[in-house]
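Visitor: I'd like to learn how to read a protein structure. Could you walk me through one?

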Amino acid sequence: MITLDALRANPALLKLDLYCKGARLDDSCYIEGDGGRKVMRTRAGLGSGLELILPGELWTNVPVSEPFAQKSPYTIHRADGRYLLRHDGRDVSPLRLSPRPDWYDAKTGSGKPMTRIGTLQGTYLGIYQAKVCEYWTAPTKVNCKFCSVGLNLGVDDANDKSVAEVMEVVRRARDESGITYVDFNTGHYDGDTYLDILEPYIVRIKRELGLLVGVQTPPHRDLRRYDGLREMGVNRVSFCFEIFDRGLFEEICPGKHAEYGLDYYLEAVRYCAALARKGPRHEPWVTNGEIIGGLEPPESSIRAIDWITSVGAVPTVCVFRPLVGTDLEHAAPPETEAMVPVFRRLYEACMERGLPIGCAPNVHVSLVMLPEECRTLSPRRYPLTTLKLKAMAAAFGYQFRRRLQAAPA
Ligand code: SF4
C-alpha cells in the first residue's frame, strides 16, 4: 500500500504512480496560456499526456486524455499562477509546466508547423521520421496492439520531413530550448530502409551541430550497419522488443514476431552493446533494449532487465498506457505496486554492472523513468559505481560543452 506521505517524500514513486493512474485537469488550469505544452498525439504514442516537471527535476508526461485518467485520484490545479498536484483533494506537491518554446508556434521555411517536424519530450528533441510503420498498412494489419502510430499520422506529425526542415527545427531547438540530444524513431519498412532514410539527417546533425543523436528502429538485418552508425558518431541505438515473454511477444507484437522474431531483437541488442568498445572514443555509445512494464508479469520484465544488462546494454522501461483507439484501449494500466519492483531492479541491475547511466548532459526524459531516477526506489547504494558515474558525467559534460562551442553558430 503506497501512502500519501511516501508519494510526497519520493518524487520517483510519484512519477511512477502518475504514469499508472494519470490525472484529471481541474477547470482552474490554463496550460497553454501559462506557457505549457499542448497535449499532442505525436507518433510516440506514449507521449499523449501533459508534460510536467515534478519536484527533484523529474520531467514527466502524465496521462490526461485516456479514460483511466478520468478516474484518477490525482487532480492538477492552478492557484495564484502556480500549479499543484492533489490526491483525493489533499495536497501532494507543487508542479511546474514543461516550458513551451517560441519555436512551437513557428513554421519552417517550407511552411510546416515546426511541431509537425519534431517535439520536445522532456528536454530532448524527438523526431518521428518518415512514413507510417508498414505493420499498419499490410494487407492484414499486424501492428503492435498497444501502438497508436497508425492512428496519429497526420494529426500532430508530418509524413514527409526533408533534411532542410529537420535541420531548421533542430537548430531552433538547440538555440532556444538548449537541447543536447536528438532522437530519431521509425517503424518497420519493407526492405529495411529505415537506416538509409535516417543517415543523411544524422550526418548533417553530427557534422554541423555536434549534438548527441540516437536512433530507434527495428533491428536491421545486416548488423554491420551498426558499426557504420558507430563510426558516424551516433550515440544511442535502441531496440524496442517490448515484451520478453515469448508467447505474449507473439500475441501483442505480431508484426515484429513475424518479421524479425524476439531472438533477432536480442541478438541486435547484444551485437550493438559490444560496439561500445570500438571508436570513435570521443563519442559515447549506449545500446538500449526497450520493454513495456505492465504488458507481461513483473517477473518477466525483471528477467528482461537482467538479460539486457548482462550483455552491457541499458534497459528502457516504459509503463503501459492504454491509448485511446488502440487494440488495447480497454486494458487496464498496471498497478503501481506491481511496477515498483521492476523499476527498483532497473536501477540495481544497471549499478551492479556499472553501466553508464545519468551521464548525458541535460537529458531529462518525460516518457520513461530513467534508471538513475529509480535510485530512491531501492534501499541499496553503490558508492564506488556512483563515484565512477559522477566522474564520467563530469568528463563527458566538459568535453561536450567544448564541442558545442566549436560548432558553427
Ligand atoms: S513496430 Fe509496432 S510499435 Fe513500432 S510503430 Fe510499428 S506497430 Fe507501432
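Guide: Let's take the sheet, some odd backbone angles, the cysteines, the ligand and a pocket in turn. This is a predicted model, where local features need pLDDT of at least 70, side-chain atom pairs count only at pLDDT 80 or more, and totals for chains, interfaces and linings use all residues. Residues are numbered from 1 along each chain as its sequence is written, and side-chain values use heavy atoms, with hydrogens and water left out.

Visitor: In what order do the strands of the sheet come?

Guide: Strands (E, at least two residues) and helices (H or I, at least four) are DSSP runs, numbered from the N terminus. Two strands pair if DSSP finds at least two bridges between them. Here 6 strands make an open sheet in the order 1-4-5-6-2-3, with mixed pairing. Strand 1 (24-25) and strand 3 sit at the edges with a single partner strand each, so one side of each has no neighbour in the sheet.

Visitor: Which strands run antiparallel, and how many bridges join them?

Guide: Strand 2 (residues 50-54) and strand 3 do, joined by 5 bridges; L54 has L58 as its bridge partner in strand 3. Strand 4 (residues 74-79) and strand 5 (residues 82-87) also run antiparallel, with 6 bridges, and T75 is partnered by R86 in strand 5.

Visitor: Is strand 3 mostly covered or mostly open?

Guide: Buried means under 20% relative accessible area, exposed over 50%, and partly exposed in between (1.4 Å probe, protein chains only). In strand 3 (residues 58-62), 5 of its 5 residues are buried. Both faces are covered, with L58, T60 and V62 on one side and W59 and N61 on the other.

Visitor: What about those odd backbone angles?

Guide: Most residues other than glycine have a negative phi. E57 isn't a glycine, yet its phi is positive, about 55°. E57 lies in the loop between strand 2 and strand 3 and is partly exposed, at 35% relative accessible area. In that hairpin, with 3 residues between the strands, G56 also takes a positive phi, near 80°. Then there's D88, another non-glycine, with a positive phi of about 50°. D88 is in the loop between strand 5 and strand 6 (90-97), and is exposed at 56%.

Visitor: How many disulfides are there?

Guide: A disulfide is a pair of cysteine sulfur atoms within 2.5 Å. The count here is 0. For C253, the nearest cysteine sulfur is that of C144, 4.1 Å away. C359 is in no disulfide either, as its nearest cysteine sulfur, that of C350, is 11 Å away. C253 is buried, with a relative accessible area of 0%, and C359 is buried too, at 11%.

Visitor: Which residues are around the ligand?

Guide: A residue counts if one of its heavy atoms lies within 4 Å of the molecule. That gives C133, Y135, W136, N143, C144, F146, C147, V149 and K256.

Visitor: And how do I read a pocket?

Guide: Rolling a probe the size of a water molecule over the atoms shows where empty space is left. On a 1 Å grid over the protein atoms alone, with a 1.4 Å probe, a pocket is an open set of points with protein on both sides within 12 Å along at least five of seven lines; lining residues have an atom within 4 Å of a point. The second largest pocket holds about 260 Å³, the space filled by probe spheres set on the points. Helix 13 (383-406) and helix 12 (336-353) each supply at least two lining residues, and helix 13 gives the most, with 4.
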